[in-house]
Amino acid sequence: MLTVALPKGRIAEETLAIFEKIFGKSFLFDDRKLILEVGEFRFLLVRNQDVPAYVLHQSADIGVVGLDVLEEKDEDLVRLLDLGIGKCKVCVGMRDDEELNYNSPDIKIATKMVNITQNYFSKKAMAVDVIKLYGSIELAPLVGLADAIVDIVETGTTMKQNGLKVVETIMESSAHLIANKNSFIEKKEEIISLYRKISEEIKKK
Ligand code: PRP
């Protein structure tokens with residue numbers, strides 16, 4: 001049995017669609033259920049940011065999670081495969097009518113991704129004041145909470161609708177298949193076999 005942690009939402013749906021194509025049967029969660037068992041697989045539906053914790057503590061053997069989350073958490077996990085779904089970018093955004101003043105001694109950045117933000121600006125030798133938020137990040141520069149934001153941009157609509165622009169792209173992200181290090185040893189054959197099947201399937205796209 002392989003336990004797979006999936007991030008609730010579109011990435012879980014797209015991953016289960018890949019499983020359906022590979023195994024030719026239905027992989028569908030019942031309404032509100034958080035566990036699904038089909039054949040040799042057990043799927044867990046968790047929050048995107050929680051996938052690394054489930055896999056790190058081996059409550060799941062493998063998981064699917066955005067590269068942005070992996071970079072932010074920086075846990076000791078095996079990165080197996082880029083699934084090429086859930087593509088987005090992590091960007092620095094600002095109000096349309098403002099520019100980032102690199103020489104300012106106290107730039108305030110609002111973000112969910114504190115570590116990515118700190119690493120990025122420290123590489124530029126810029127000391128920034130990071131304000132941790134949990135959502136609606138785009139609001140922060142509009143009401144003076146921050147000078148800029150670091151956030152996920154997928155279509156760009158949220159920034160545009162709120163009068164913000166992308167000033168820099170920090171990284172590109174997509175969903176990756178990850179494994180727990182012990183599971184990768186204990187269940188190597190099952191994991192490698194699944195890895196091969198998924199690789200084949202996503203190549204067809
Ligand atoms: C993300 C991000 C932006 C939005 C960008 O939030 O924080 O607000 O998507 O998408 P766009 O470029 O297509 O407009 P999301 O709703 O995914 O999740 P959250 O609850 O973690 O903020």
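The following dialogue discusses how to read several features of this predicted model.

Reader: How many helices and strands does the chain have, and what are the overall dimensions of the box its C-alpha atoms fill?

Author: The chain comprises 7 helices and 11 strands. Along the principal axes, its C-alpha atoms occupy a box of roughly 55 × 30 × 30 Å. Of the 205 residues, 46% are buried. Among contacts between residues at least 6 apart in sequence, 69% join residues at least 24 apart.

Reader: Which residues of helix α4 are buried, and where do they lie around the axis?

Author: A residue is called buried when its relative accessible area is under 20%. In α4, which spans residues 114–123, the buried residues are V114, I116, T117, Y120 and F121. They lie on the same side of α4 because the arc they cover around the axis is only 165 degrees.

Reader: Against which elements do the buried residues of α4 pack?

Author: Their packing partners are one helix, α3 (67–73), and the strands β6 (88–95), β7 (107–111), β8 (128–132), β9 (148–153) and β10 (164–173). Just after α4, A125 adopts a positive phi of about 60 degrees.

Reader: How many aromatic pairs does the structure hold, and how should the geometry of a pair be read?

Author: The angle between the ring planes sets the class: under 30 degrees is stacked, over 60 is edge-to-face, and the rest are tilted. The structure holds 9 aromatic pairs. One of them joins F19 and F27, a tilted pair with 5.6 Å centre to centre and 55 degrees between the planes. Both of these residues are buried. F19 also pairs with F43, here edge-to-face, at 5.0 Å centre to centre and 90 degrees between the planes.

Reader: Which parts of the chain does the pair of F19 and F43 link?

Author: This pair links distant parts of the chain, since F19 belongs to helix α1 (residues 10–23) and F43 to strand β3 (residues 41–46), 24 residues apart. F19 is buried, with a relative accessible area of 2%, and F43 is likewise buried, at 0%. Ring pairs also join F19, F23, F27, F41 and F43 into a cluster.

Reader: Turning to the surface, which residues form a nonpolar patch?

Author: The chain exposes about 11,200 Å², of which carbon and sulfur atoms supply 47%. A nonpolar surface patch is formed by L139, L142, V143 and L145, which together have about 340 Å² of accessible area. Of these, L142 is located in the loop between β8 and β9. Its relative accessible area of 33% makes L142 partly exposed.

Definitions and conventions: Residues are numbered from 1 along each chain as its sequence is written. This is a predicted model: local features need pLDDT of at least 70, side-chain atom pairs count only at pLDDT 80 or more; totals for chains, interfaces and linings use all residues. Side-chain values use heavy atoms; hydrogens and water are left out. Buried means under 20% relative accessible area, exposed over 50%, partly exposed in between (1.4 Å probe, protein chains only). Helices (H or I, at least four residues) and strands (E, at least two) are DSSP runs, numbered from the N terminus. The arc is that of the directions from the helix axis to the C-beta atoms. Contact means heavy atoms within 4.5 Å. Rings of Phe, Tyr and Trp (its six-membered ring) pair if their centres lie within 6.5 Å; planes under 30 degrees apart count as stacked, over 60 as edge-to-face and the rest as tilted. Patches are made of residues with over 30% relative accessible area and no salt bridge: like charges are joined within 9 Å, nonpolar side chains (Val, Leu, Ile, Met, Phe, Trp, Tyr) within 5 Å. Accessible areas come from the Shrake-Rupley method with a 1.4 Å probe; for residues, only the protein chains shown count as cover. A salt bridge is a side-chain nitrogen of Lys or Arg within 4 Å of a carboxyl oxygen of Asp or Glu.
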